[in-house]
Structures are given as structure tokens and as C-alpha cells.
Amino acid sequence: SLAQEEMENRVWDIKKEMGAQLFLPCHHYQREEVYQFADAAGDSLQLAQISAKNRHAKYIVFCGVHFMAETADILTSAEQTVILPDMRAGCSMADMADIHQTERAWDMLQSLFGDTMLPLTYVNSTAAIKAFVGRNGGATVTSSNAKKMVKWAFTQKKRVFFLPDQHLGRNTAFDLGVELADMAVWDPIRNELIYEGALENVKVILWKGHCSVHAHFTIKNIEFVRAKYPDMQIIVHPECAHEVVALSDFSGSTKYIIDTIENAPAGSAWAIGTEMNLVQRLIKNHPDKKIISLNPVMCPCLTMNRIDLPHLLWSLENIIEGKETNVIKVEENTARDAVLALERMLKL
Ligand code: 13P
Ligand code: SF4
């Protein structure tokens with residue numbers, strides 16, 4: 001196998017050779033060995049916006065996970081080809097809501113609530129779910145704009161059906177003043193709605209999904225940091241459980257976390273509850289601040305990490321040789337409905 005340096009040089013050469021024909025967007029959770037080649041780095045909202053704007057590149061080699069590449073395909077033109085360097089780079093959260101479960105849930109919820117719900121889906125969902133949401137008047141959200149989108153949803157309908165991340169949904173609704181007792185959880189395995197108060201008071205129906213990376217940050221981690229480093233500030237992603245967010249000092253999207261650390265004074269101390277590659281990059285870029293992972297065992301997103309240097313090089317070599325591999329192409333009818341949900345978000 002090629003040595004690391006040889007592979008890196010080859011990627012640089014291909015990038016030079018392809019010039020503006022090639023665009024390489026990269027999520028902040030990507031490995032350093034891949035991230036170094038990013039033409040644009042961003043969180044999921046930024047990557048969606050960047051994809052929507054790019055009309056030049058013939059090839060978009062997406063360094064992120066499957067749902068992000070699907071979004072890029074939906075938002076770019078038919079002449080552009082989106083490639084995911086490793087097809088196994090999925091997202092366990094997106095996998096927690098399939099379209100059949102969702103349609104069944106919608107039917108059952110409509111029999112309880114009639115026409116009072118607007119569906120919203122976190123962009124971390126399949127194109128089929130985005131299409132379902134688009135068809136039913138709803139929109140996508142990201143962790144950067146969730147508050148704005150949920151607020152908008154309440155101008156449309158009395159209730160919000162939020163897929164697939166219960167935590168982002170709960171944390172966002174709570175910030176907007178919805179009481180926990182007025183939130184219900186839809187369990188797609190048991191096909192039942194779990195709620196505490198009166199059914200007619202339910203304002204938000206949360207899909208029972210979660211991120212397996214952010215689930216690793218716990219109240220115990222927070223108690224440990226508070227005891228050992230009393231001066232340390234705790235910042236977490238809103239994909240963490242509500243109790244964890246409530247006990248932290250700050251919570252927000254990937255971009256919010258990066259901006260907060262960048263603007264923090266030298267000498268400040270931070271425990272960060274988010275994906276490992278981002279935490280490590282922040283540690284490296286801010287030697288003047290004390291930064292640790294909120295969970296002392298670093299938490300990688302295993303699927304994000306599947307995009308590595310060998311896979312990136314392999315997909316680029318294939319393009320050069322005229323045999324495109326791992327092309328992400330969303331079926332036309334699905335894309336047509338999904339784009340409605342994405343555009344409702346992008347225009348707000
Ligand atoms: P953001 O990029 O919106 O912060 O989402 C984090 C994430 O889990 C991406 O998969
Ligand atoms: Fe999915 Fe969580 Fe990984 Fe993001 S960090 S891709 S939500 S599993």
C-alpha cells in the first residue's frame with residue numbers, strides 16, 4: 001500500500017489537475033487526513049448552503065456522511081455528480097427513521113391530532129424522509145437554525161412533529177418555552193405515543209431517535225468536570241440529552257461551538273461535548289486555552305471516520321480514470337419533494 005505521504009501528494013496532484021472541475025466539501029467531524037484537502041469546511045447548514053450555490057464543479061466529492069451527500073445532490077444541477085468516498089459512511093441517527101415507519105406514524109398521529117401538525121426533519125435524515133416532510137408542508141432544520149425553524153412551524157400549525165432526533169427537538173422546543181410535559185415521544189418500534197399530561201396539550205411530537213456519538217456525554221461526565229475543574233466552562237452540542245444540555249454552560253451547533261472557543265479569552269478552560277475530530281482540532285488550534293473532551297474517552301463518529309485518505313484517493317483516481325464510483329443520485333420524485341423542505345429552510 002502507498003505510504004501516507006505518497007497518497008497525500010497524489011491527492012494534491014489530482015486537485016491541481018482537476019481545478020474547478022472538482023469541489024471537495026468537508027464536515028467539521030472529518031479526520032485531519034481528509035480535512036486538510038477541504039475546499040470548504042462547514043457544519044451541516046453551511047455545507048447545504050455551499051452545495052446549493054456551487055454550479056461550477058462537475059464533481060462534488062463529499063467528505064461527510066450519506067445524508068449530506070444526498071442533500072448536495074438534491075441541491076445541485078443534473079450535470080453535477082456527487083460522490084461519497086465510502087458508501088458505508090451513513091449516520092446511525094438517520095437510520096433510526098425509515099420512510100415506512102414515518103408514514104405509519106403520520107397516519108396514526110393524524111387520527112389523534114387531525115390536521116394540526118407540521119412535520120420538521122433534522123437534515124440528518126434520508127432523502128425519503130425529507131420528501132415526506134416536503135410533501136406535507138414542512139421543512140428541514142439543522143442544529144444552527146432549529147430555533148428559527150420550530151418558531152416558524154408554530155406560525156403554520158399548532159403542533160410540530162420533529163424527526164428524527166428527539167434531543168435536538170426537545171432542547172429546541174424547551175428553549176422556545178414549550179414545557180417538557182407538553183412534549184410527547186413517538187416510539188417507531190412499538191408504534192406508540194408516550195406522553196405524560198393531557199393529549200390535547202401536546203405541542204411537540206418527538207421521534208425517538210438519537211445520535212450515538214452525543215449520547216456518550218452524560219451527567220456523570222459533567223459532575224466529574226465540575227468537581228475536578230471548577231473554573232472550566234462546559235459547552236455541548238444540542239444532540240446531547242436535555243439533562244446534559246441543562247447542566248452545561250452553553251449549547252449549540254458545531255459552528256456555535258467553534259465560534260465560542262475562537263472568541264474565548266486566552267487562558268480560559270473548556271470541556272466540550274461533541275465529536276472527537278472537532279475537539280482534537282480545537283485543542284490543536286487553541287494552545288492558549290485549556291480544552292478537554294467532556295467525556296475523557298474521546299467520542300468519534302465511526303461513520304464520519306470511514307471517509308479516510310485511502311477512500312478519498314480511490315474515489316479521485318476513479319474519476320480521473322473515467323469510472324465514477326459511489327455516485328449519490330437521489331431518485332427524481334424523491335428529490336422533487338425533498339427540495340421543497342430544503343428550500344423552505346434555506347430561504348428563511
Ligand atoms: P451540525 O453540523 O449541524 O452541528 O450537526 C452535527 C452532526 O451531527 C452532523 O452529523
Ligand atoms: Fe450521525 Fe451523530 Fe455521526 Fe452526526 S455525529 S453523522 S448525527 S451519528
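**View 1. A215 sits in a loop of this predicted model.** A215 counts as partly exposed because it has 16 C-beta neighbours inside 10 Å. Burial would take 20 or more such neighbours, and an exposed residue has 12 or fewer. The loop that holds A215 runs between strand 11 (204-207) and helix 9 (219-228). V244 lies 29 residues from A215 along the chain. The C-alpha atoms of A215 and V244 are separated by 9.7 Å.

**View 2. Residues surround ligand 2.** The shell has 13 residues. C91, M93, C211, V213 and C301 come nearest to the ligand. By type, the shell divides into eight nonpolar residues, four polar ones and one charged residue.

**View 3. Helix 13 covers residues 309-320.** The helix has 12 residues. From first C-alpha to last, helix 13 reaches 17 Å, close to the 16 Å expected at 1.5 Å a residue. Its buried residues are L309, L312, L313, S315 and L316. These residues lie on the same side of helix 13, because they cover an arc of only 165 degrees around the axis. An α-helix has 3.6 residues a turn, so residues three or four places apart point the same way. What do the buried residues of helix 13 pack against? Their partners are helix 1 (4-18), helix 2 (32-35), strand 4 (59-61) and strand 5 (81-83). Just after helix 13 comes G322, which takes a positive phi of about 80 degrees.

**View 4. Strands 1, 4 and 5 form an open sheet.** The order is 1-4-5, and the pairing is parallel. Strand 1 (22-23) and strand 5 stand at the edges. Each edge strand has a single partner strand, so one side of each is left without a neighbour in the sheet. Three bridges join strand 4 to strand 5. One residue pair can be picked out here: I60 has V82, in strand 5, as its bridge partner. Strand 4 and strand 5 are also among the elements that the buried residues of helix 13 pack against.

**View 5. Strand 14 pairs with strand 15.** Strand 14 covers residues 269-273 and runs parallel to strand 15. Four bridges join the two strands. A269 has K290, in strand 15, as its bridge partner. Which side chains of strand 15 (residues 290-293) are buried, and which are not? The side chains alternate along the strand. I291 and S293 point to one face and are buried. K290 and I292 point to the other face and are not buried.

Technical notes. Residues numbered from 1 in each chain as written. Chains lettered and ligands numbered in written order. Predicted model: local features only at pLDDT ≥ 70, side-chain atom pairs only at ≥ 80, totals over all residues. Near = placed C-beta within 6 Å. Nonpolar A, V, L, I, M, F, W, Y, C, P; charged D, E, K, R; others polar. Expected span 1.5 Å × (residues − 1). Arc of directions from axis to C-beta. Contact = placed C-beta atoms within 7 Å. Pairing = 2+ DSSP bridges.
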